[in-house]
Every structure is written in C-alpha cells, then in structure tokens.
Amino acid sequence: MVFRKPPDGGWGWVIVLVSFFTQFLCYGSPLAVGVLYLEWLDAFGEGKGKTAWVGSLANGIGLLASPVCSICVSSFGARPVAIFSGFMVAGGLMMSSFAPNIYFLYVSYGIVVGLGCGLLYTATVTITCQYFDKHRGLALGLISTGSSVGLFIYAALQRELIELYGLDGCLLIVGALSLNILACGSLMRPLESSSSPPPEKMCVDKVPDQYFVYHEKEKTIEENISILEKGYIDDKCVNKGPDCKQDSILNKNVLSSINVNEKDTYKKKVVEQTNFCKQLAKRKWQLYLTYWKETVVLFKNKVFSALFVAILLFDIGGFPPSLLMEDVARSANISEDDYYMPLISIIGIMTTVGKLILGILADFKWVNTLYLYVTTLLMTGVALFAIPFAKSYLTLAMLSGILGFLTGNWSIFPYVTTKTVGIEKLTHAYGILMFFAGLGNSLGPPIVGWFYDWTQEYDTAFYFSGFCVLLGGFLLLLAALPCWNACTTQSSKLPPNTYSYKVASNA
C-alpha cells in the first residue's frame with residue numbers, strides 16, 4: 001500500500017479527534033483500575049500481588065501483543081481493527097461483571113480488554129503518524145491525552161457507579177459506554193494513494209511461478225513438434241514426389257492432434273505435481289525470515305537497543321503508582337476527611353498536561369526529543385524514591401501530580417521511535433518496543449504487591465521501582481552521549497536497512 005504525503009491537516013484533525021475519544025473510551029477503565037482494585041481485594045479476599053495481576057494484565061497484554069497488533073493494522077487497516085476492537089473492549093468489560101473469582105477476571109478483564117486496548121492504541125498511533133509529519137508531535141500529544149482524560153474521569157465515575165449500582169453494575173455501564181468506539185473507528189478513513197499500478201501489471205505479479213514454468217515447457221514442446229513436423233514432411237516430399245502435398249496435409253492433422261494431446265497430458269501432469277500448500281508455506285517462510293532479519297538490523301542500532309531496555313524498566317517501576325496509589329494512601333492511614341480528590345484522578349489530569357506540553361516541545365527544532373525523554377525517566381526515578389517519605393495526603397497528591405506529568409512522556413515516545421527508525425519502519429519497531437513495555441506493565445504491579453505481602457509495607461517496593469527507572473534512564477543516556485555527527489557518518493556506511501537516530505537539529 002502506497003500512502004500520499006501526510007497532509008498535516010484537513011481530515012487529519014478528524015483523525016486526531018476520533019483517536020482521542022477512542023483512547024478515552026478504551027483506556028478509561030483499565031487505567032483507573034485502582035478504584036476497582038480495592039473492590040476486588042474486598043470481594044475475593046486474595047493477596048495484593050495476586051489481585052494486582054488483573055490491572056497489570058489489562059494494561060500490559062495489549063502491549064505484549066504489539067507485534068501481532070502491528071501486523072493486524074498493517075494487514076487490515078486501522079478502521080476495521082478499531083471497529084473489531086471496540087466489540088472486544090465492551091464485551092470484556094461486560095463479562096467481568098459476572099466474574100465468580102479472580103481467575104475469571106484474568107481472562108475477561110485482563111486479556112480480552114487488554115488485547116482490545118492494544119489493538120486500538122496501535123491503530124490510533126499508526127493512522128495519526130500517517131496523516132501528520134510537521135505537527136506529528138502535537139497530534140500524538142493530543143490523541144494520547146485521551147487516555148489521561150479517561151483516567152481522570154473514569155476514576156471518579158467508577159467510584160460513583162460502584163456506590164450507586166455496585167461493582168457489577170459499574171462494569172456493565174462502563175462496557176456499554178465503550179460501544180461508542182465503533183462510531184469513532186468508522187471515521188478512521190485510510191490515507192491511500194489514488195495512483196495504483198495498472199490492473200494488468202497487478203494480475204501478472206500475482207500469477208503463480210509454476211504457471212511460467214509450464215508456459216516455458218509448453219513453448220519447448222511446440223518448438224520440438226514443429227521441428228519433427230517439418231522434417232517428416234520434407235522426407236515425404238523427397239520420396240513420394242507429387243503426393244507429398246496430400247500427405248503433408250494429413251500429417252499436419254495427425255501432428256496437431258498429437259500436439260493437443262501432449263499439451264493436455266503435460267498440463268495435467270504439472271497440475272498434479274504442483275503442491276500449492278508447499279509453495280505457499282515456502283513464500284510465507286521467506287516473509288517471516290525477512291521480518292526477523294529486519295528485526296536484527298533494528299537491534300544493531302544502539303539507540304534502539306537502549307530504548308527497549310529503558311521502556312521495559314520504566315514500565316516495571318513507573319506504572320505501579322497509577323494502580324496502587326489509592327492503596328498506598330489507605331495503608332498510610334490517611335483520613336477520609338483529608339481526601340479531597342482521588343490520587344488516581346490527580347495522576348490522570350497531570351498526565352494530560354504532561355502529554356500536551358511534552359508533545360508541543362517535541363515539535364521545536366531546538367529540542368532533542370531523545371534527551372527530553374531521558375530527562376523524564378531520571379525525574380520519575382527520583383519521584384518514586386520520595387514516595388516512602390510521603391505520610392500525608394498533600395505530599396502524596398504532589399508526588400502523584402509529578403509522576404502523572406512525567407508519565408506524559410508516552411506522547412513523545414512514538415516521536416522518538418519515528419525519528420530513530422523512520423516512518424517506514426515505525427509499525428515494526430514500535431510493535432517490538434511496545435512488547436517490552438507490556439512486559440513491564442504486566443510485571444510491575446504484581447512485583448510491588450508481592451513486596452508488600454512480604455514486608456507489609458510499600459517502602460521497599462518503591463525503592464525497587466525507582467532504581468529500575470533510574471537504571472533505564474542512565475542506560476539510554478549513555479547511548480545518547482557520543483557525538484551524533486560521528487554516529488551519522490558511521491551509519492552512512494551501514495547496510496541500506498540499518499537505521500540510526502537523527503540529531504535534534506534535523507528533527
């Protein structure tokens with residue numbers, strides 16, 4: 001599929017609007033799962049680490065399946081994938097209202113809802129990058145705020161719904177709201193080129209190779225028969241004299257019938273001997289082999305390799321606060337009279353602000369988006385180390401706001417990835433990176449929960465989380481420190497499919 005030059009406007013702003021609401025509707029409940037987490041703890045009586053798997057799977061499984069999600073979007077397009085995923089998210093939420101135990105929630109809420117969110121996230125990011133180039137950072141920042149606004153609203157909404165209709169009624173209503181994703185997905189018009197190859201050329205390209213083999217064989221048979229026919233006729237004319245013309249006519253009829261029979265026999269033989277499944281498997285194997293070769297080439301880029309380590313460690317340490325901060329406040333014995341606003345709502349609204357500001361900064365030519373991303377990682381690690389010292393609602397609210405703002409670096413991560421590997425390889429590279437992000441999302445909250453079950457306090461858990469984020473930030477900083485001019489010179493000597501990060505002055 002060939003795409004036109006990104007219009008940087010027009011219908012692209014409609015894409016931004018519907019992508020915003022898509023992420024708002026699909027990620028609102030999974031990101032605000034901390035409210036449901038407390039209810040599940042009381043309803044099923046399981047440990048914190050075991051119960052945390054529900055929310056971590058919902059936010060991590062979609063990212064773990066990012067390579068599959070990328071293939072789906074590349075194969076079927078953003079619109080069909082978005083519509084199909086809307087049914088998944090809505091169905092998973094409604095099924096969760098009938099959960100008899102925590103294991104049922106692992107499937108209905110964790111896997112079904114999580115996979116639907118992953119498909120929707122990949123679809124919205126991919127189609128937005130196709131529609132925007134100059135203002136890509138702003139566009140990605142706008143659509144990514146949808147999930148943050150969803151976190152802010154759904155945290156309060158789910159709490160009110162639980163008080164009015166109970167946990168089961170809350171999940172049913174939230175699932176019904178998710179059906180609006182179908183309307184958003186229907187507006188994701190693909191950006192395709194109007195100039196396509198001629199139909200004749202396309203048909204020729206799709207003809208199986210074995211046909212051309214048969215065509216060459218058939219031509220050879222016809223040439224051989226022509227030679228035999230000519231030799232036979234000449235011999236008859238020399239020996240028979242005047243009767244050669246009559247004999248030649250008869251021989252032509254006989255040889256023509258032989259020719260037809262030979263071709264029919266050969267065609268049947270070729271068809272019988274051709275194993276279509278084997279040829280198809282061989283071609284698919286070549287495609288998979290090419291995919292893995294391109295993946296290996298991507299990992300030869302030191303910045304890309306450092307990105308996957310950084311995103312893994314960041315999600316292991318940086319994601320648990322959004323899921324467990326409410327329980328942290330309850331464990332600190334904070335009075336409900338001092339509880340002015342849910343901490344998750346504060347994280348959500350500040351994440352929205354962070355995504356917008358960081359997305360706008362990424363569009364400035366003088367800003368190096370890689371260094372900007374590294375800065376957010378290092379500051380997040382410091383904020384996580386400070387959580388064990390927060391013993392009041394005010395300090396926890398301030399740290400929640402800081403962490404929420406820094407978590408807004410998700411808006412510039414696709415931007416950094418695009419500048420690292422190029423728009424042509426964005427879907428491939430982003431799928432790989434999101435796989436490791438999903439792994440971190442899935443492991444982070446259960447690890448923190450297990451630390452609590454083991455020590456009966458969150459201090460050790462958040463020290464571990466802060467260390468992970470700081471380590472990832474320092475590794476990415478080390479990969480970014482060498483002179484970029486020398487790096488660019490070396491990259492020009494690499495194979496054509498090798499990609500390297502461009503300096504901020506060229507971004």
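Helix α7 gives six residues to the lining of the largest cavity, the most of any element, and this predicted model can be read outward from that enclosed space. A search of the whole structure finds two cavities of 30 Å³ or more, and the largest of them holds about 480 Å³ of space. Its lining is made up of 29 residues, and those that lie nearest the centre of the cavity are Leu31, Ser147, Lys355, Thr407 and Trp410. Besides α7, which spans residues 136-178, the elements that give two or more residues to this lining include α1 (11-31), α3 (48-64), α15 (343-362) and α17 (393-407).

From the cavity we can turn to the nonpolar core. The largest such core has 127 residues, and among these Leu36, Tyr109, Met434 and Leu476 touch the most other members. Helix α6, covering residues 102-131, supplies the largest share of this core with 14 residues. Because domain 1 (1-193) and domain 2 (278-483) both contribute residues, the core lies between the two domains. Met434 can serve as an example of a core member: when residues up to four places away in sequence are not counted, Met434 touches Leu63, Leu64, Ser66, Tyr121, Trp410 and Phe413. Trp410, one of these partners of Met434, is also one of the residues that lie nearest the centre of the largest cavity.

Two single residues show how helices meet their surroundings. Leu57 lies in helix α3, and since its relative accessibility is 15%, under the 20% cut-off, Leu57 counts as buried. With residues up to four places away in sequence left out, Leu57 touches Tyr106, Gly110 and Gly114. Between Leu57 and Val112 there are 9.6 Å in space, C-alpha to C-alpha, although the two are 55 residues apart in sequence.

Thr380, in turn, is found in helix α16, which runs over residues 369-386, and at 2% relative accessibility Thr380 therefore counts as buried. Leaving aside neighbours within four places in sequence, Thr380 is in contact with Phe314, Leu403, Leu406 and Val469.

The cysteines remain to be considered. The structure holds zero disulfides. Cys170 counts as buried because its relative accessibility is 0%, and Cys468 likewise counts as buried, at a relative accessibility of 6%.

How values were computed
Residues are numbered from 1 along each chain as its sequence is written. This is a predicted model: local features need pLDDT of at least 70, side-chain atom pairs count only at pLDDT 80 or more; totals for chains, interfaces and linings use all residues. Side-chain values use heavy atoms; hydrogens and water are left out. A nonpolar core is a set of buried Ala, Val, Leu, Ile, Met, Phe, Trp, Tyr and Cys residues joined through side-chain atoms within 4.5 Å. Buried means under 20% relative accessible area, exposed over 50%, partly exposed in between (1.4 Å probe, protein chains only). Helices (H or I, at least four residues) and strands (E, at least two) are DSSP runs, numbered from the N terminus. Domain bounds come from an automatic or database domain assignment. Contact means heavy atoms within 4.5 Å. A disulfide is a pair of cysteine sulfur atoms within 2.5 Å. On a 1 Å grid over the protein atoms alone, a cavity is a set of points where a 1.4 Å probe fits but cannot get out, and a pocket is an open set with protein on both sides within 12 Å along at least five of seven lines; lining residues have an atom within 4 Å of a point. Grid points are joined across faces, edges and corners, and a volume is the space filled by probe spheres set on the points.
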